[in-house]
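Got your viewer open? Load the model, switch to cartoon, and we'll walk through it selection by selection.

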Amino acid sequence: MIQVQNLHKAFKTKTGLVQAVRGVSFDARDGEITGLLGPNGAGKTTTLRMLYTLMSPDEGSVSVDGIDVAKDATAVRRRLGVLPDARGVYKRLTARENIAYFGELHGLDAATIAQRTARMSEALGMEDFLDRRTEGFSQGQRTKTAIARALVHDPKNVILDEPTNGLDVMTTRGLRNFLLQLRAEGRCVIFSSHIMQEVAALCDRIVVIAGGEVKATGTPDELRARAGHDNLEDAFVKLIGSEEGLHA
Ligand SMILES: Nc1ncnc2c1ncn2[C@@H]1O[C@H](COP(=O)(O)OP(=O)(O)OP(=O)(O)O)[C@@H](O)[C@H]1O
């Protein structure tokens, strides 16, 4: 369970202050997939970075399974599996070694790492490239490696920043099934996307974000009803107030 209360974050730039996130609040429950949907520049990545302890908010709070990120970031990190926007796999290591390295950082023994790697590889379809060096990997292969690595310690909460970015249709379908599997295991899953069909197809709850603010929160049906449109695409456009940056 991840609870987000009134997050704010601004960045100083040469041309002035950029207010990236302005008062974002939402709850992401266990056994559900929560989608953060918004156009380019909406503040999704910045919000997720504050959730996974990479950045501290200017204001507001985040708690993971009841633990305040500001009070015990280490305990929070143990409960989180994160696919960051920069995937950053080590190119001199094979996919298996990338996963094992993260397992070792989490203090797992070799047998546990081998067992989790086998499970993840099967779920994500990594058998063909598991023992290849990641240098030269396709985007999909890199993303799968980064996801497997992020989940090696079997975290209860999973945060993925635009997980299907740059993936082909078949790989995206595989990834969707994988996220549904994580949900069925009772995990709390949050992912960000600017593709409304994807969010609508997968999410139990959608947080619509634009201009650093939450514009609406609800199930796909609730959002349709609130916007007064049966068509989800029209509903999102109405909730966001613009079509810009929403489509793939
Ligand atoms: N480190 C930074 N320094 C300055 N501005 C930043 C920084 N990080 C984010 N921003 C700005 O904050 C705003 C929100 O960016 P963010 O990356 O959170 O959006 P996003 O919703 O993830 O967008 P996208 O879908 O394009 O990835 C943007 O205007 C961006 O330029």
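Here's the route: a hairpin, then the ligand, then a sheet and a helix lying across it.

Before you click anything, keep in mind that this is a predicted model.

**Stop 1: the hairpin.** Select residues 2-13 and 16-28, which are strands S1 and S2. They run antiparallel and are joined by 10 bridges, with 2 residues between them in the hairpin. Now pick Phe-11 and look across: its bridge partner in S2 is Val-18.

**Stop 2: the ligand.** Keep Phe-11 highlighted, since it is among the closest residues to the ligand, along with Ala-20, Asn-40, Thr-45 and Thr-46. In total, 13 residues surround the ligand. Colour by element and you'll find S1, S2 and helix H1 (44-51) each giving two or more residues to that shell. Which element gives the largest share? That's H1, with 3 residues. Colour by class instead and the shell splits into 4 nonpolar, 8 polar and 1 charged residues.

**Stop 3: the open sheet.** Next, show the 6 strands in the order S6-S7-S8-S3-S9-S10, with mixed pairing. S6 (80-83) and S10 (213-218) are the edge strands; each has a single partner, so one side of each is left without a neighbour in the sheet. On average, neighbouring strands are turned by 15° against each other, ignoring direction.

Zoom in on S3 (32-37) and S9 (205-210), a parallel pair with 4 bridges. Label Thr-34 and you'll see Arg-205 of S9 standing opposite.

**Stop 4: the helix across.** Finish by selecting residues 220-227, helix H8. This helix lies across S9 and S10, and runs at about 115° to S10.

Methods
Residues numbered from 1 in each chain as written. Predicted model: local features only at pLDDT ≥ 70, side-chain atom pairs only at ≥ 80, totals over all residues. Pairing = 2+ DSSP bridges. Near = placed C-beta within 6 Å. Nonpolar A, V, L, I, M, F, W, Y, C, P; charged D, E, K, R; others polar. Axes fitted to C-alpha atoms, helices over the stretch in contact; angles between N-to-C directions. Contact = placed C-beta atoms within 7 Å.
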